[in-house]
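I opened this notebook to keep track of what I looked up, one topic at a time. I wanted to begin with open spaces and then turn to the aromatic rings.

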Amino acid sequence: MKAALLAMTLIACVAPAAPALAARPLVYTAPLSDVAAGGYDVVAYFTQGAPVKGDAAYTTVWKGTTWRFSSAANLSKFTANPAAFAPQYGGYCAWAVSQGYTAKGDAKFWKIVDGKLYLNYNSSVQKKWEGDIPGFIASANTNWPEVIN
């Protein structure tokens with residue numbers, strides 16, 4: 001018994017320590033989900049100017065995450081150039097990233113700025129973000145992607 005306890009103690013002392021927190025995924029998904037943007041069609045923001053729910057019949061995997069689309073045409077546009085349509089900061093809340101942390105991005109609170117899609121946490125956060133969009137984008141760009149580590 002003493003030998004087993006000593007062996008376990010030695011192993012614990014020489015084993016590398018695990019990080020306190022694992023890095024967050026590059027693309028935000030809801031807990032227990034692998035679907036990006038809450039299942040909304042990210043191309044539709046650009047083509048229809050509104051959030052449109054995606055359909056599980058039109059999906060692709062990009063950056064290890066499932067993306068849904070409302071049509072085959074939108075799926076095709078995304079697969080041709082995913083970076084042109086995917087939300088900035090992996091779909092995390094743009095305002096939170098500008099503040100140096102992450103929070104969920106909600107597909108219902110969005111804005112396209114200079115051809116890029118940004119999501120925010122909720123309507124009150126969206127209003128804060130709209131108070132200084134260029135400044136918050138500059139801060140978020142400085143913090144991204146280190147903020148997910």
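**Entry 1: the largest pocket.** I looked up the largest pocket, and its volume comes to about 180 Å³; I noted beside this that the model is predicted. I then listed what lines this pocket, and the residues are Leu26, Val27, Trp62, Lys63, Trp67, Ala83, Ala86, Pro87, Gln88, Tyr89, Gly90 and Trp144. When I sorted the lining of the largest pocket by class, I had nine nonpolar residues, two polar ones and one charged one.

**Entry 2: the cavity.** I next searched for closed spaces and found one cavity of 30 Å³ or more, with about 30 Å³ of space in the largest cavity. I wrote down its lining as Val27, Tyr28, Ala36, Ala37, Gly90, Gly91, Gly105 and Leu119. How many of the residues lining the largest cavity are nonpolar, polar and charged? I recorded five nonpolar, three polar and no charged residues.

**Entry 3: a first aromatic pair.** I searched the whole structure for aromatic pairs, and the search gave 12 of them. I looked at phenylalanine 46 and phenylalanine 85, whose ring centres are 5.4 Å apart and whose planes stand at 80°, so I entered the pair as edge-to-face, given that planes over 60 degrees apart count as such. This pair links distant parts of the chain, for phenylalanine 46 belongs to helix 2 (residues 42–47) and phenylalanine 85 to helix 4 (residues 82–85), 39 residues apart. Are the two residues buried or exposed? I found phenylalanine 46 partly exposed, with a relative accessible area of 27%, whereas phenylalanine 85 counts as buried because its relative accessibility is 14%.

**Entry 4: a tilted pair and its cluster.** I then turned to tyrosine 118 and tryptophan 129, an aromatic pair that is tilted, with 5.4 Å from centre to centre and 40° between the planes. Tyrosine 118 is in strand 4 (residues 116–120) and tryptophan 129 is in helix 6 (residues 123–130), so this pair ties together parts that are 11 residues apart in sequence. I noted that tyrosine 118 counts as buried at 3% relative accessibility, and that tryptophan 129 counts as buried at 0%. Ring pairs link Tyr118 and Trp129 into a cluster with Tyr28, Tyr89, Tyr92 and Trp144.

**Entry 5: lysines over rings.** Finally, I checked for charges over rings, and I found the charged end of lysine 104 over the ring of tyrosine 121, 5.1 Å from the ring's centre. I also noted lysine 128, which lies over the face of tryptophan 95 at 4.7 Å from the ring centre.

How values were computed. Residues are numbered from 1 along each chain as its sequence is written. This is a predicted model: local features need pLDDT of at least 70, side-chain atom pairs count only at pLDDT 80 or more; totals for chains, interfaces and linings use all residues. Side-chain values use heavy atoms; hydrogens and water are left out. Rings of Phe, Tyr and Trp (its six-membered ring) pair if their centres lie within 6.5 Å; planes under 30 degrees apart count as stacked, over 60 as edge-to-face and the rest as tilted. Helices (H or I, at least four residues) and strands (E, at least two) are DSSP runs, numbered from the N terminus. Buried means under 20% relative accessible area, exposed over 50%, partly exposed in between (1.4 Å probe, protein chains only). A charge sits over a ring if NZ of Lys or CZ of Arg is within 6 Å of the ring centre and within 35 degrees of the ring normal. On a 1 Å grid over the protein atoms alone, a cavity is a set of points where a 1.4 Å probe fits but cannot get out, and a pocket is an open set with protein on both sides within 12 Å along at least five of seven lines; lining residues have an atom within 4 Å of a point. Grid points are joined across faces, edges and corners, and a volume is the space filled by probe spheres set on the points. Ala, Val, Leu, Ile, Met, Phe, Trp, Tyr, Cys and Pro count as nonpolar, Asp, Glu, Lys and Arg as charged, and the others, Gly among them, as polar.
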